[in-house]
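The report below describes a set of local features, beginning with charged side chains and moving on to a pocket, a surface patch and a backbone angle.

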Amino acid sequence: MRVVGIVLVLVVLATAVATFARRLRLPAPSLLVLAGVAVALIPGVPALHIPPQAIALVVLPPLLYASAEELSLRDLRTVWRPVTILSFGLVFASAAAVGFAAVAVAGLPPAMAFVLGAVLSSTDPVAVTALGRRLALPGRVQVLVQAESLFNDATSLVLFKVAVGIAVAVGATVSVPAAGGEFLLLGGGGSLVGAAVAGLVWLVRRRTTDPVLETVIALVTPYAAYVLAESVHTSGVTSVVVAGVLLGRSGHRLTDAHIRLQLHAVYAVVVFLLESVVFSIVGLELPALVRDLPAGTGWWPLQALALAAVLIAVRVLSTLPLTRAVKPTQGRLSWRVAGVVTWAGTRGVMPLAAALSIPLVTDDGTPLAGRPLVLVLTTAVVVFTLVVQGLTLAAVVNRSGLALEPEHTAREEDDARDALNRAALEHVEHLATLETMPDTALDRVRRSLNARLDRSPEGPDGSTADAAHRQLRHEVIAVQNNELHRLYDEHRISDTTRRRLQHDLDREEAALGTP
């Protein structure tokens with residue numbers, strides 16, 4: 001009952017903080033972390049210790065899946081080279097730099113220092129996606145940050161497992177072939193499991209028309225991908241990401257408008273609740289971990305700041321050469337792009353879950369030296385990135401000049417709507433020549449489309465529509481859907497515009513009822 005009560009309190013707290021953050025136009029994850037720290041410092045509040053298995057199994061799969069579904073596979077193809085470099089090279093470089101810095105400034109044993117480096121070497125997809133929803137970044141920059149955060153976890157988890165194995169084993173040595181084999185098992189095996197789950201779910205969903213069953217399948221899919229991958233000793237994170245990317249790309253072909261609207265509403269609630277609770281937990285855990293520190297470790301705030309500075313410096317030096325791939329029209333390196341990509345690389349739930357899973361003792365039964373300090377430094381760096389980088393990311397983006405102007409987004413959306421309406425009008429004129437529809441229905445739809453093109457208000461037209469008119473409207477919406485995806489595939493509109501117009505078409509189709 002105590003755990004249930006804590007969760008309910010966190011949900012209420014998160015709802016209030018999120019409402020407050022929306023009014024102030026501030027990122028909710030950053031305020032939730034601060035709220036968690038403030039609550040934990042209240043006298044009498046019990047210490048919160050969440051098992052890492054609870055976070056890894058209950059919270060991460062749906063959040064990772066939702067982030068992966070939002071990833072634009074079309075835009076990913078244009079930046080796959082820098083994403084690959086960041087997902088591998090930057091992870092190794094960050095782990096090495098943090099490891100050396102942890103030995104120098106925190107006095108950690110070398111093995112535990114590199115465990116800390118492996119934990120902090122990857123950005124967190126949950127935090128990055130939550131912070132990135134508010135920003136109007138260009139498509140390539142947004143997908144670069146989001147894709148890197150999704151795909152660099154397999155690399156960091158391999159480093160983490162290798163580093164932990166060395167830390168707990170007396171006299172262990174590093175085996176490069178063994179580490180490479182473990183990476184292939186985790187990353188490659190997880191990708192295969194995720195693709196298999198996506199294929200199976202695709203076969204099931206294309207034969208399902210019940211909205212309730214569709215919703216259940218969508219909620220179960222990330223858990224199935226994660227558990228199956230972990231059960232065969234591969235990366236559950238990679239499996240969930242691959243399944244989400246593949247199913248997100250084909251989701252519009254698997255369901256109808258009613259089901260898509262229902263899934264969107266259900267997942268919005270689930271993601272809000274889980275994100276709110278998990279970011280609050282990050283803040284609540286820090287004071288409890290600090291109280292468990294042994295004597296002589298009072299310099300941990302400055303040590304955490306030093307490690308965060310090392311992570312930022314390594315990230316700037318690594319992302320700067322990649323800016324040509326993100327903005328190929330410029331012949332010189334762009335500090336603005338490098339700065340935005342660097343500042344968007346926050347840490348979050350994933351490093352915290354990894355740090356909490358560090359064993360308590362070595363193989364010979366002695367306590368693992370440095371474990372409490374590693375937990376505190378990890379949580380402190382996570383809190384720092386979520387609060388400092390999270391609260392200032394919008395200002396950095398605006399200062400860089402990369403943010404898309406609202407007029408640009410509105411103009412692109414208006415042009416796309418006009419293209420959809422023109423395609424629909426051409427279809428109506430084609431049907432008029434075939435004389436397969438009543439003239440009254442054709443005239444009503446033609447007037448409606450012309451009114452939209454002329455930006456004039458439409459007359460009342462829905463509840464009194466007859467069967468022929470509803471059928472024609474359904475056909476017109478189908479034509480508009482095809483035109484929408486053609487515009488997207490030809491890179492004429494952004495993924496954000498596609499999603500917004502798809503939602504509008506779904507609402508219009510759902511309002512018509514069955515044809």
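Glu413 has a relative accessibility of 14% and therefore counts as buried, where buried means under 20% relative accessible area, exposed over 50%, and partly exposed in between (1.4 Å probe, protein chains only). The model is a predicted one, in which local features need pLDDT of at least 70 and side-chain atom pairs count only at pLDDT 80 or more, while totals for chains, interfaces and linings use all residues. Residues are numbered from 1 along each chain as its sequence is written, and side-chain values use heavy atoms, with hydrogens and water left out.

**Salt bridges**

Side chains of opposite charge can pair when their charged atoms come close. The structure holds eleven salt bridges, a salt bridge being a side-chain nitrogen of Lys or Arg within 4 Å of a carboxyl oxygen of Asp or Glu. Three of these pairs are set out here.

| Pair | Closest N to O distance |
|---|---|
| Glu413 and Arg417 | 2.6 Å |
| Glu429 and Arg446 | 2.8 Å |
| Arg473 and Glu508 | 2.8 Å |

Glu413 and Arg417 both lie in helix H19 (residues 406-434), four residues apart, which is about one turn of the helix; helices (H or I, at least four residues) are DSSP runs, numbered from the N terminus. Arg417, with a relative accessible area of 28%, is partly exposed. Both residues also belong to a network of salt bridges that links Glu413, Arg417, Arg500 and Asp504.

The side chains of Glu429 and Arg446 likewise meet in a salt bridge. Because Glu429 lies in helix H19 and Arg446 in helix H20 (residues 439-453), this pair ties together parts that are 17 residues apart in sequence. Glu429 is partly exposed, its relative accessible area being 36%.

The side chains of Arg473 and Glu508 form another salt bridge. This pair links distant parts of the chain, with Arg473 in helix H21 (residues 467-489) and Glu508 in helix H22 (residues 495-512), 35 residues apart. Arg473 counts as buried at 9% relative accessibility, and Glu508 is buried as well, with a relative accessible area of 17%.

**The second largest pocket**

The second largest pocket has a volume of about 480 Å³, and of the 19 residues that line this pocket, Ala56, Leu157, Tyr226, Glu230 and Ser357 are the closest to its centre. On a 1 Å grid over the protein atoms alone, a pocket is an open set of points where a 1.4 Å probe fits, with protein on both sides within 12 Å along at least five of seven lines, and lining residues have an atom within 4 Å of a point. Grid points are joined across faces, edges and corners, and the volume is the space filled by probe spheres set on the points.

At least two lining residues come from each of H3, helix H9 (153-168), helix H11 (211-231), helix H12 (236-254) and helix H17 (349-356), and H3 gives the most, with five residues.

**Surface patch and backbone**

Leu57 is found in helix H3 (residues 52-70) and, at 39% relative accessibility, counts as partly exposed. His233, placed in the loop between H11 and H12, has a phi near 65 degrees, a positive value in a residue other than glycine. Most residues other than glycine have a negative phi. At 60% relative accessibility, His233 counts as exposed.
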